[in-house]
Amino acid sequence: MGKVVVVAKVYPKGIDVDRKKLLLEVVQALKGIAEVKKSEEEPIAFGLVALRVHMILPEDSEGGTDGLEEKISSLPDVSNVEVTHVYRI
């Protein structure tokens, strides 16, 4: 069974959201679904900084990236999630 790397931008609800805490919440929300390998901060505008999260999940994951997006979007400090890259490894 192959694996897939998914890169997603996680936009916080505001500039005052603790990004380290937000990343920990994302990791917790994805336990058992995907493995977070790394994250980077990406400045957006006016002090808003998104997290660029790199995750690995099984290729045959049911629903593709929809489940990931739903889990992350349901977090209270998340405004939006945008999957930017998906590729097989």
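**A tour of one predicted model**

Visitor: What is the relative accessible area of Glu35?
Guide: Glu35 counts as partly exposed. That label lies between buried (under 20% relative accessible area) and exposed (over 50%), using a 1.4 Å probe and protein chains only. For Glu35 the value is 42%.

Visitor: What kind of model is this?
Guide: Residues are numbered from 1 along each chain as its sequence is written, and side-chain values use heavy atoms, leaving out hydrogens and water. Local features need pLDDT of at least 70, side-chain atom pairs count only at pLDDT 80 or more, and totals for chains, interfaces and linings use all residues, as this is a predicted model.

Visitor: Which residue meets Glu35 in a salt bridge?
Guide: A salt bridge puts a side-chain nitrogen of Lys or Arg within 4 Å of a carboxyl oxygen of Asp or Glu. The structure holds 7 of them. In this one, the N to O distance is 3.1 Å, and the partner of Glu35 is Lys37.

Visitor: Glu25 and Lys21 also form a salt bridge. Which helix holds both?
Guide: Their closest N and O atoms are 3.6 Å apart. Glu25 is buried at 19% relative accessibility, while Lys21 is partly exposed at 44%. The two residues are 4 apart in sequence, so about one helical turn separates them in helix H1.

Visitor: Which residues touch the most other members of the largest nonpolar core?
Guide: A nonpolar core is a set of buried Ala, Val, Leu, Ile, Met, Phe, Trp, Tyr and Cys residues joined through side-chain atoms within 4.5 Å. This one has 19 residues, and those touching the most other members are Val10, Met55, Leu68, Ile72 and Val78. At least two residues each come from strand S1 (3-12), helix H1 (19-29), strand S3 (48-58), H2 and strand S4 (78-88). Helices (H or I, at least four residues) and strands (E, at least two) are DSSP runs, numbered from the N terminus. So the five names to remember are Val10, Met55, Leu68, Ile72 and Val78.

Visitor: What is the phi of Phe46?
Guide: Most residues other than glycine have a negative phi. Phe46 sits in the loop between strand S2 (35-45) and S3, and is exposed at 84% relative accessibility. Although Phe46 is not a glycine, its phi is positive, at about 50°.

Visitor: How far apart are the C-alpha atoms of Glu70 and Val81?
Guide: Glu70 lies in helix H2 (residues 66-73) and is exposed at 58%. Glu70 and Val81 are 11 residues apart along the chain, and their C-alpha atoms are separated by 8.6 Å.
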